[in-house]
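Q: Please take a close look at the empty space inside this protein. Which residues line it, and what is unusual in the backbone around it?

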Amino acid sequence: QLRRQARERREYLQRRAREQQQQRQRERRESLRRALDENRLLPTELRREALALQKELEFDFEAPAGTGDSQDDEYRWAGLEPPKVMVTTSRDPSSRLRLFAKELCLLLPGARRMNRGRAELGALVGACRAAGVTDLLVLHETRGRPDGLTVSHLPHGPTAHFTLSGAVLRQEVGGLGGAPLAAPHLLLLRLDSTLGKRVGTILKHLFPVPRPDSRRVVTFANEDDVILVRNHVYRRRGRTVELEEVGPRFQLRPYLIRLGTLEQGDAADVEWRWHPYTATAPKRRLLSAT
């Protein structure tokens, strides 16, 4: 079992490295194509290999719509079967964190909650792999307030770390009936940059494919690189639609994405990291294209 997992991990990393190399080569060819079409000087980094790239352009063609390199895509089989999500907490959780973990399971259809106990991360991830779990969610807290969420996609990654804030439980929203258990429709608003699409892919594959007649909507709305998470049910009254928030309500802000799983820690390669202490940090919009 361990040898098979190590072999699958090596093959996965080789496919990812090959695709990244092909992506860089496509970007160089595209840069050369634009320079030739606009009749301007070639970029400095392309001048030595311009002739070789121009020969490749002769055999280059546009891929049909909907196709692309996805041999290293961790989510290429998503949607064929409902995801199996496991939710757990840090050690010795407070009562509020346990309640928030329970409500997070209500937000994610089919998710199950597991008491952490004294289990190490390696044993925890190994047990989830053996049980066929697709995503492991770990909640963190500071002085009884939920303030962190880690989403680890199994068996090979990625692992996304989020800062969690503004957690409001269902009973604090007020005016609620029973918890809706149907798979929701998803709204991903203003997650249109490369990083935003990556974060949106990680979040949306925690949910199964909904039925067309589902009356439940979960929204991930980006505002200044903070993702607002809202859970609503709606009903039609004539020509109008009434929304009712059913909770829980919270906000997410990504700060780290690693290519490995949770137990690998710093040994896994970093795909993206938030760098707040730069001169352009107040001006940047990372999750949206504008």
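A: What follows covers the pocket, the cavities, and then some backbone and burial details.

The model is predicted. Start with the largest pocket. It holds about 990 Å³ of space. Its lining counts 40 residues, and the closest to the centre are Glu 74, Thr 134, His 153, Leu 154 and Pro 155. Two elements each give two or more residues to this lining: α1 (2-37) and α4 (121-130). The largest share, six residues, comes from α1. By class, the pocket lining has 17 nonpolar, 10 polar and 13 charged residues. Where does the pocket lie relative to the domains? Domain 1 (1-66) and domain 2 (81-273) both contribute lining residues, so the pocket lies between them.

Two of the central residues also share a backbone feature. Leu 154 and Pro 155 are joined by a cis peptide bond, with omega about 15°. Pro 155 sits in the loop between β4 (145-153) and β5 (159-168). That loop also holds Pro 158. A cis bond joins Gly 157 to Pro 158, with omega about 5°. For context, most residues other than glycine have a negative phi, and most peptide bonds are trans.

Now α4, one of the contributors to the pocket lining. Its buried residues are Leu 124, Val 125 and Cys 128. Seen down the helix axis, the buried residues of α4 fall within an arc of 90°, so they line one face of the helix. An α-helix has 3.6 residues a turn, so residues three or four places apart point the same way. The face of α4 turned away from the buried side carries exposed Ala 123 and Ala 130.

Next, the enclosed spaces. There are two cavities of 30 Å³ or more. The largest cavity has a volume of about 80 Å³. Its lining consists of Leu 104, Leu 107, Leu 108, Leu 137, Leu 149, Leu 203, Leu 206, Phe 207, Phe 220, Phe 250 and Leu 252. Both α3 (95-107) and β10 (249-258) give two or more residues to that lining. The class split is 11 nonpolar, no polar and no charged.

The second largest cavity has a volume of about 50 Å³. Leu 195, Asp 225, Arg 253, Pro 254, Trp 272, Trp 274, Leu 286 and Leu 287 line it. Here the lining has six nonpolar, no polar and two charged residues.

Asp 225, from the lining of the second largest cavity, deserves its own check. Its phi is near 65°, a positive value in a residue other than glycine. Asp 225 lies in the loop between β7 (216-223) and β8 (226-237). Is Asp 225 buried or exposed? Its relative accessible area is 7%, under the 20% cut-off, so Asp 225 is buried.

Arg 143 also has a positive phi, about 55°, and is not a glycine. Arg 143 is placed in the loop between β3 (135-142) and β4. Its relative accessible area is 85%, over the 50% cut-off, so Arg 143 is exposed.

Last, the cysteines. Cys 105 counts as buried at 13% relative accessibility. Cys 128 is buried too, with a relative accessible area of 3%. How many disulfides does the model contain? The count is zero. A disulfide is a covalent bond between the sulfur atoms of two cysteines.

Methods. Residues numbered from 1 in each chain as written. Predicted model: local features only at pLDDT ≥ 70, side-chain atom pairs only at ≥ 80, totals over all residues. Heavy atoms only, no water. 1 Å grid on protein atoms, 1.4 Å probe; cavity = no way out; pocket = protein on both sides within 12 Å on 5 of 7 lines; lining within 4 Å. Points joined across faces, edges and corners; volume = space filled by probe spheres on them. Helix = DSSP H or I, 4+ residues; strand = E, 2+ residues; numbered from the N terminus. Nonpolar A, V, L, I, M, F, W, Y, C, P; charged D, E, K, R; others polar. Domains from an automatic or database assignment. Disulfide = S-S within 2.5 Å. Buried < 20%, exposed > 50% of the residue type's maximum accessible area, 1.4 Å probe, protein only. Arc of directions from axis to C-beta.
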